[in-house]
Amino acid sequence: MHDKIAPKIINYSHIAQLAFNVPLLATAQIADTVAAFLQNKIAGSSIDHISSGQQMLAGNVTSIELGGPENGESITVIPVHGILVPRRFAIEACEEMMSYELLRTQLTRALNDDGVSEIVLDVNSGGGNAQGAFEIAEFIYQSRSIKPIRCIVNFNAFSGAYLIAAACTEIIVSDTSGVGSVGVYSKRLDLTQFYQDQGVKIHTFYRGARKVDFHPDVEMSEEERLSTESKMESTYQKFINAIAKYRDMTVEAVSASAADCFEGQQGIELGLADRLATPQDAINQITQSVLVNQTPFPQQSISIQAAHLRMQFQL
């Protein structure tokens, strides 16, 4: 029986990292989705197939030409959608995923492209893994002095996704866009009762007091609990201090948000966002602002460009 159970857990260890035993900058729905997926796999249910040979599902980068073709200037729109992970892998249980690794690559390409005037992050995510999140956020924060990097919340930027948004030059929200969820949590998977019910005994031999922390076949000790609490506090302090730095807020004000989620104008009033506009209006306003600061173009070119934007930015 052990041979039947073990592969179901071992094969999905990389996915389990999205829900268990690591600090998560994510809404509860993110981890619950992954946990439900894993629970079905462990129980032997046949649902969505996972293949390591598939590409991660991430949106395509869009280039919006400014003025006419003769201008050679553009705005790059990078989608930041779905579950956020450190590096790429495939999981069909989730519609969209974005890795910090890929985001940094896309940003670097746009930053090094002399034809790109501004960068827009089109964000719709409930967050994800804390590992790698602070590094990409700081990269964005430092890079915005090179080129403006604006965030259009289309329509959610929660937790780890909000960390990315906060690092941008500006955060634009619509009336029902959501921002916030500045908090951290971790879940500890305990399969001891499951194994017991299945009549399975696992004997673990180890050296080093902390070596079997987070092992699902070992009950959590008080030392493990205290260690986890310490790591949670460290990650939380890092999170609220980063938001305070990026948004020019006090740490106390960020902490007072209590990891709650806020819509539109309320987010602006709390200092978590900058201005109100629909995603379509926001991209049009950014484009017009860039055009105004460049050599003027005939009105016809701007009108053609506006029509082009409507086709490219389907909402």
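1. Buried residues account for 49% of the 315 residues in the protein chain. The model under discussion is a predicted one. Its protein chain exposes about 15,700 Å², and carbon and sulfur atoms contribute 50% of that area.

2. On overall architecture, the secondary structure of the protein chain amounts to 12 helices and 12 strands. Among contacts in the protein chain with a separation of 6 or more, 71% are between residues 24 or more positions apart.

3. Helix α8 covers residues 222–247, a run of 26 residues. At 1.5 Å a residue its expected span is 38 Å, and the C-alpha atoms at its ends are 37 Å apart, which agrees. The residue that follows α8 is D248, and the phi of D248 is positive, near 55°.

4. The structure contains three aromatic pairs. One of them is formed by F134 and F239. A pair of aromatic rings is described by the distance of the centres and the angle of the planes. For F134 and F239, the separation is 6.2 Å centre to centre and the planes stand at 80°. Because planes over 60 degrees apart count as edge-to-face, this pair is classed as edge-to-face.

5. The position of this pair in the sequence merits a separate remark. F134 belongs to helix α5 (residues 133–143) and F239 to helix α8, so the pair ties together parts that are 105 residues apart in sequence. Both F134 and F239 are buried.

6. Charged side chains also meet aromatic rings. The charged end of K238 sits over the ring of F134, at 5.5 Å from the ring centre. F134 thus takes part in the aromatic pair with F239 and also lies beneath the charged end of K238. A further case involves R104, whose charged end sits over the ring of F139, 4.1 Å from its centre.

7. S174 is found in the loop between β9 (170–173) and β10 (178–180). Is this loop residue buried or exposed? With a relative accessibility of 5%, S174 counts as buried, because the cut-off for that class is under 20%.

8. The surroundings of S174 can be described in two parts. Its side chain is joined to that of S177 by a polar contact of 2.7 Å. Leaving aside residues up to four places away in sequence, S174 touches F155, G264, L276, A277, T278 and P279.

Note on methods: Residues numbered from 1 in each chain as written. Predicted model: local features only at pLDDT ≥ 70, side-chain atom pairs only at ≥ 80, totals over all residues. Heavy atoms only, no water. Helix = DSSP H or I, 4+ residues; strand = E, 2+ residues; numbered from the N terminus. Expected span 1.5 Å × (residues − 1). Phe/Tyr/Trp six-rings, centres within 6.5 Å; stacked < 30°, edge-to-face > 60°. Buried < 20%, exposed > 50% of the residue type's maximum accessible area, 1.4 Å probe, protein only. Lys NZ or Arg CZ within 6 Å of the ring centre and 35° of its normal. Contact = heavy atoms within 4.5 Å. Areas by Shrake-Rupley, 256 points an atom, 1.4 Å probe, with all protein chains shown as cover. Polar contact = N/O pair within 3.5 Å; in protein donor to acceptor, adjacent residues only side chain to side chain.
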